[in-house]
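Thank you all for making time this morning. I would like to walk you through one structure at an unhurried pace, so please have a look at it before I begin.

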Amino acid sequence: MNNSFVNAFSLQGQRALITGGATGLGFAIAKCMKDAGAEVVIVGRNVEALEKAVKELGEGAYYYPFDITEIEKTQEFIDTLIEDRGEISILVNNAGNHLKKPFEETTVEE
């Protein structure tokens with residue numbers, strides 16, 4: 001394969017934070033980014049699932065247990081993450097819920 005084509009999709013030197021990254025679509029995104037050369041940090045509430053995912057992803061993958069619904073703790077979490085791992089260059093807000101409602105009408109509690 002043409003090397004310039006491969007390099008066009010390289011994430012070498014990038015650090016990606018993926019919420020909900022231990023399972024499903026989030027894990028698939030983390031795997032693709034890791035395969036493209038990024039360091040990946042996955043976040044979620046289930047420590048067992050996070051540990052399993054990081055083990056499968058291998059070197060260059062890290063996890064932090066965090067519940068993104070705890071909005072008041074978000075800045076502290078980000079500060080800790082940056083202190084531990086360095087700046088984040090890619091953010092994938094994958095974690096979500098099954099609320100079927102327009103975003104503009106959704107409250108923080110929901």
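I will go through the sheet, the helices, the cores, the aromatic rings and a few single residues. Please keep in mind throughout that what you see is a predicted model.

Let me start with the sheet, which is open and made of 4 strands in the order 3-2-1-4, with parallel pairing. Strand 3, covering residues 61–65, and strand 4 stand at the edges, and each has a single partner strand, so one side of each is left without a neighbour in the sheet. From one strand to the next, the twist averages 20°.

Within that sheet, strand 1 and strand 2 run parallel and are joined by 5 bridges. If you look along this pairing, you will find Ile 18 standing opposite Ile 42 in strand 2, while Ala 16 has Val 40 as its bridge partner in strand 2.

How many of the residues of strand 2 are buried? The strand is mostly covered, with 6 of its 6 residues buried. Glu 39, Val 41 and Val 43 point one way from strand 2, whereas Val 40, Ile 42 and Gly 44 point the other way, and all are buried. That pattern fits a general point, namely that in a regular strand the side chains alternate between the two faces of the sheet.

Now to the helices that lie against the sheet. Helix 2 lies across strand 1, strand 2, strand 3 and strand 4, and its direction runs at about 170° to strand 1. Helix 4, residues 74–85, also packs on the sheet, where it touches strand 1, strand 2 and strand 3, and its direction makes about 155° with that of strand 3. Helix 4 has 12 residues and reaches 16 Å from its first C-alpha to its last, which is close to the 16 Å expected at 1.5 Å a residue. Just after helix 4 comes Gly 86, which takes a positive phi of about 105°.

With the framework in place, we can turn to the nonpolar cores. The largest one has 17 residues, and those that touch the most other members are Ala 16, Ile 18, Ala 22, Met 33, Val 40, Ile 42 and Leu 57. Which elements supply at least two residues each to this core? They are strand 1 (15–19), helix 2 (24–35), strand 2 (39–44), helix 3 (47–57) and strand 4 (90–92). The largest share, 5 residues, comes from helix 3.

Ala 16 deserves a moment here, as one of the core residues just listed. Leaving aside residues up to four places away in sequence, Ala 16 touches Met 33, Glu 39, Val 40, Val 41 and Ile 90. There is also a second, separate core of 7 residues, which includes Val 41, Val 43, Tyr 64 and Phe 66.

Two of those names bring us to the aromatic rings, of which the structure holds 2 pairs. In one of them, Tyr 64 and Phe 77 meet edge-to-face, at 6.2 Å centre to centre and with 75° between the planes. This pair links distant parts of the chain, since Tyr 64 is in strand 3 and Phe 77 is in helix 4, 13 residues apart. Tyr 64 has a relative accessible area of 14%, so it counts as buried, and Phe 77, at 10% relative accessibility, is buried as well.

In the other pair, Phe 66 and Phe 77 are stacked, at 4.3 Å centre to centre and with 5° between the planes. Here too distant parts of the chain are linked, because Phe 66 sits in the loop between strand 3 and helix 4, while Phe 77 is in helix 4, 11 residues apart. Taken together, Tyr 64, Phe 66 and Phe 77 form one aromatic cluster.

I will close with two glutamates. Glu 51 is in helix 3, and at 43% relative accessibility it counts as partly exposed. The C-alpha atoms of Glu 51 and Tyr 64, which are 13 residues apart along the chain, are separated by 9.5 Å.

Glu 104, for its part, lies in the segment after strand 4. Is Glu 104 buried or exposed? With a relative accessible area of 69%, Glu 104 is exposed. Glu 104 and Leu 91 are 13 residues apart in sequence, and their C-alpha atoms are 21 Å apart in space.

Technical notes. Residues numbered from 1 in each chain as written. Predicted model: local features only at pLDDT ≥ 70, side-chain atom pairs only at ≥ 80, totals over all residues. Heavy atoms only, no water. Core = buried A, V, L, I, M, F, W, Y, C linked by side-chain atoms within 4.5 Å. Buried < 20%, exposed > 50% of the residue type's maximum accessible area, 1.4 Å probe, protein only. Contact = heavy atoms within 4.5 Å. Pairing = 2+ DSSP bridges. Axes fitted to C-alpha atoms, helices over the stretch in contact; angles between N-to-C directions. Expected span 1.5 Å × (residues − 1). Phe/Tyr/Trp six-rings, centres within 6.5 Å; stacked < 30°, edge-to-face > 60°.
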